Amino acid sequence: ISGADLHLALDIRLQKAAMEALGEYHGAVAAIEPATGKVLALASKPSYDPNPFIQGIDRASYAALQGDPARPLYDRATRGAYPPGSTVKPFEALAGLELLNLSPARRVSCPGYFRLPGSKHRYRDWAHSGHGPTDMRYAIVQSCDVYFYDLAYRLGIRRLHDFMQGRFGLGERTGIDIAGEKAGIYPSEEWKRKYRKAEWAAGETVIAGIGQGFVTTTPLQMARATAILAHHGLNVEPRLVNQIKAGWAAENPFPTQAGTRSLISPEHWNIVVNAMVDVIQRGTARRIA
């Protein structure tokens, strides 16, 4: 009996470009349409030929795939949880604007390291000589670690956790229509007590400020978070299925209602989004301008 036709949102040209861009590297690419959540590319390497699974793959071939140390069956786009690093910085800047009423003109001195009050330990910046006096725009454009160490310490892990998870979905599943997605981790004091049987330390807040430590996200999570930023707070669920057709009948599996929107000041969205444009034009990602 013929089943329904499944039409995906994937753009085959983007999918091909993503696979080619990964080359011989192990990794993933996730690209979604910010206004709708349609998944335009979802690539994971190394990959495998799915055709043998259609009629039933033989035991030896399946054992070879399972035993491959490169783990081709592992979907790195939805199940690979990695430290997001500096990609969290624009979201953290928004948290500072919204929760601390932080002036974007406020400057932090960056000598190349940050120290907690009363501590001699130095949390290093990627630029060993430092960035000097750094305001929010410059901190985003040059990815200044010290600025975000300081901001994370000021915010505290509780507010960081609630903002990152509540506004950008870090540490929770996106709800994509495919099984096996991982949630990643955006830690909190309660999380550490439950899973690490220990109390939270101030230094752990500092390194969470640059997406390190216990923080892990999937490539798909970061694609959705970036889409939320690009669309000034519009939060939509990523969707692989675009349409299901059975004969003449067609079903659109996308939600009929628009996604929810984070209530953040338009001025604050513009400050961070404009800074991200500058990242491409003259900052750490200027090579792709």
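**Loops, cores and pockets: checking the labels**

Mentor: Start with Arg71, which sits in the loop between helix H3 (59-67) and H4. Keep in mind that this is a predicted model.

Trainee: Why does Arg71 count as partly exposed?

Mentor: Its relative accessibility is 47%. Buried needs under 20%, and exposed needs over 50%. Arg71 falls in between, so it counts as partly exposed.

Trainee: What makes the phi of Arg71 worth a remark?

Mentor: Phi is near 55 degrees there, a positive value, and the residue is not a glycine. Lys197 also has a positive phi, about 55 degrees, and is not a glycine. Lys197 lies in the loop between helix H8 (189-196) and H9.

Trainee: Why does Lys197 count as exposed?

Mentor: Its relative accessibility is 69%. The cut-off for exposed is over 50%. Lys197 therefore counts as exposed.

Trainee: What makes the bond between Lys45 and Pro46 a cis peptide bond?

Mentor: Look at omega, which is about 0 degrees for the bond joining Lys45 and Pro46. Pro46 is in the loop between E3 and helix H2 (52-55).

Trainee: Now the interior. Which residues have the most contacts inside the largest nonpolar core?

Mentor: Leu94, Tyr147 and Phe168, in a core of 48 residues. At least two residues of this core come from each of several elements, including helix H4 (89-99), strand E4 (108-110), helix H6 (145-155) and helix H11 (266-282). H6 gives the most, with 7 residues. A second, separate core has 8 residues, among them Val39, Ala77, Leu220 and Ala227.

Trainee: Why would such residues gather in a core?

Mentor: In soluble globular proteins, nonpolar side chains tend to be buried together.

Trainee: How do you know that Leu94 is buried?

Mentor: Its relative accessibility is 0%. The limit for buried is under 20%, so Leu94 counts as buried. This residue is found in helix H4.

Trainee: What does Leu94 touch, leaving out residues up to four places away in sequence?

Mentor: Phe163, Phe168, Leu229, Ile264, His268, Trp269 and Val272. Take Leu229: 135 residues separate it from Leu94 in sequence, yet the two C-alpha atoms are 9.6 Å apart.

Trainee: His268 is on that list. Why does His268 count as buried at all?

Mentor: Its relative accessibility is 13%. That is under 20%, so the label is buried. His268 belongs to helix H11. Its contacts, close sequence neighbours aside, are Leu94, Leu97 and Glu98.

Trainee: What about Ala95: buried or exposed?

Mentor: Buried, because its relative accessibility is 1% and the limit is under 20%. Ala95 is placed in helix H4. Setting aside neighbours within four places in sequence, it contacts Leu100, Leu155 and Phe163. Its C-alpha is 9.1 Å from that of Leu151, a residue 56 places apart along the chain.

Trainee: Next, the cysteines. How many disulfides does a search of the whole structure find?

Mentor: It finds 0. Take Cys110: its nearest cysteine sulfur belongs to Cys144 and is 3.7 Å away. A disulfide needs sulfur atoms within 2.5 Å, so Cys110 is in no disulfide. Cys144 is likewise in no disulfide, with the sulfur of Cys110 as its nearest, at 3.7 Å.

Trainee: Why is Cys110 called buried?

Mentor: Its relative accessible area is 3%, and the limit is under 20%, so buried is the label. Cys144 is at 0% relative accessibility, so it counts as buried too.

Trainee: Last topic, pockets. What is the volume of the largest pocket?

Mentor: About 560 Å³. It is lined by 26 residues, and those closest to its centre are Pro84, Ser86, Thr87, Met222 and Thr226. H10 gives the most to that lining, with 6 residues.

Trainee: What makes up that lining, by class?

Mentor: There are 18 nonpolar, 7 polar and 1 charged residues.

Trainee: How much space lies in the second largest pocket?

Mentor: About 480 Å³. Of its 19 lining residues, Leu42, Ser44, Ser47, Tyr48 and Asp75 are the closest to its centre. Helix H1 (12-22) and strand E3 (39-45) are the elements that give two or more residues to this lining. By class, the second lining has 13 nonpolar, 4 polar and 2 charged residues.

Note on methods. Residues are numbered from 1 along each chain as its sequence is written. This is a predicted model: local features need pLDDT of at least 70, side-chain atom pairs count only at pLDDT 80 or more; totals for chains, interfaces and linings use all residues. Side-chain values use heavy atoms; hydrogens and water are left out. A nonpolar core is a set of buried Ala, Val, Leu, Ile, Met, Phe, Trp, Tyr and Cys residues joined through side-chain atoms within 4.5 Å. Buried means under 20% relative accessible area, exposed over 50%, partly exposed in between (1.4 Å probe, protein chains only). Helices (H or I, at least four residues) and strands (E, at least two) are DSSP runs, numbered from the N terminus. On a 1 Å grid over the protein atoms alone, a cavity is a set of points where a 1.4 Å probe fits but cannot get out, and a pocket is an open set with protein on both sides within 12 Å along at least five of seven lines; lining residues have an atom within 4 Å of a point. Grid points are joined across faces, edges and corners, and a volume is the space filled by probe spheres set on the points. Ala, Val, Leu, Ile, Met, Phe, Trp, Tyr, Cys and Pro count as nonpolar, Asp, Glu, Lys and Arg as charged, and the others, Gly among them, as polar. Contact means heavy atoms within 4.5 Å.
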